[in-house]
Amino acid sequence: MSNILGCICVTIIRILRLESLLEPCWKSFSFKTDNKGYMLSKVNECGYNLRYASDELKNDKEVVMEAVRNEWRALGYASNIMKMDTDVIIEAIRSGCRLVDLFDNLYSNKEVVMEAVKHDGGALRLASDDLQNDSDVVMLSVRNDGNSLQYASKLVRDDERVVLEAVKQTGNALRHASENLRNNFDVVTTAVKEDSGALKYASGGLKRNEEVLIVAGLYDEGQQQLQAEVSRRSSSNNIPNTNYEDERLYNN
């Protein structure tokens with residue numbers, strides 16, 4: 001019985017808290033939905049008040065912008081025209097809206113996508129093929145999240161300027177670079193400087209390059225000298241001793 005009463009009390013408290021959160025949207029709203037000045041003040045208090053606006057005001061850019069500035073989800077009460085307006089969408093993104101929350105036909109809008117990837121580099125995965133092939137868009141994306149390089153086109157993943165920015169943010173982004181740039185000294189040293197573990201993604205002889213190893217903090221001078229000496233002795237011992245072979249055959 002005490003458990004049941006406890007659950008009821010918790011439920012009541014949650015309801016009261018929800019009402020207190022929504023109170024600014026409900027309190028003293030007089031439904032003057034056709035008065036622009038009044039509506040502007042109301043959506044400034046609570047963006048969700050846009051729901052009470054007339055159809056004309058739901059299509060008013062100033063009113064809708066003010067609403068989404070306060071609460072991006074108020075975009076759902078705007079007219080269809082406003083839901084596709086670039087300025088309104090950008091304002092919504094700045095208020096917390098993500099690219100995935102928008103109509104997919106906005107994924108090819110460069111201004112919208114550029115604003116989205118500035119706040120969430122991973123949003124690049126939703127961008128159109130053309131924008132994934134746009135160095136400017138990808139550059140903004142990798143500045144936010146180096147690993148978003150994986151969503152870029154093959155052409156951009158071979159752009160040294162973009163890849164350098166990506167590995168500067170996240171060393172392990174080297175794995176998403178082109179084969180050519182994984183064998184690029186500047187790219188690899190930048191990557192291992194940020195994360196020594198990125199060395200495993202380098203290609204060619206850069207994995208054993210002394211300068212790269214030093215930057216990565218993985219260079220062991222004693223070990224290198226030992227390996228060099230072993231290599232030298234191995235080379236000298238591999239010289240065929242023809243006189244010895246001839247003597248052995250003769251004795252048999």
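Which residues are buried in helix α11 (residues 185-194)? They are Val187, Val188, Thr189, Ala191 and Val192. The model is predicted, with an average pLDDT of 84 for the protein. The protein has 14 helices and zero strands.

**Helix α11**
- The cover over the buried residues of α11 includes α10 (160-169) and α12 (210-216).
- At the N-terminal end of α11, Asn184 acts as the cap.
- In this cap, a side-chain oxygen of Asn184 lies 3.0 Å from the backbone nitrogen of Asp186.

**Overall fold**
- The pattern along the sequence is α-α-α-α-α-α-α-α-α-α-α-α-α-α.
- Of the contacts in the protein with a separation of 6 or more, 34% join residues 24 or more positions apart.

**Burial and surface**
- The protein has 252 residues, and 39% of them are buried.
- About 15100 Å² of the protein is exposed.
- Carbon and sulfur atoms supply 48% of that exposed area.

**Confidence**
- A pLDDT of at least 70 is reached by 74% of the residues.
- Over residues 18-22, pLDDT stays under 50, and the model has one contact beyond four places in sequence for this stretch.
- Residues 241-252 also have pLDDT under 50 throughout; for them the model has zero contacts beyond four places in sequence.

Notes:
Residues are numbered from 1 along each chain as its sequence is written. This is a predicted model: local features need pLDDT of at least 70, side-chain atom pairs count only at pLDDT 80 or more; totals for chains, interfaces and linings use all residues. Side-chain values use heavy atoms; hydrogens and water are left out. Helices (H or I, at least four residues) and strands (E, at least two) are DSSP runs, numbered from the N terminus. Buried means under 20% relative accessible area, exposed over 50%, partly exposed in between (1.4 Å probe, protein chains only). Contact means heavy atoms within 4.5 Å. Accessible areas come from the Shrake-Rupley method with a 1.4 Å probe; for residues, only the protein chains shown count as cover. pLDDT is the predictor's confidence in each residue, from 0 to 100. A polar contact is a pair of N or O atoms within 3.5 Å; within protein, one must be able to donate a hydrogen and the other to accept it, and residues adjacent in sequence count only if both atoms are side-chain atoms.
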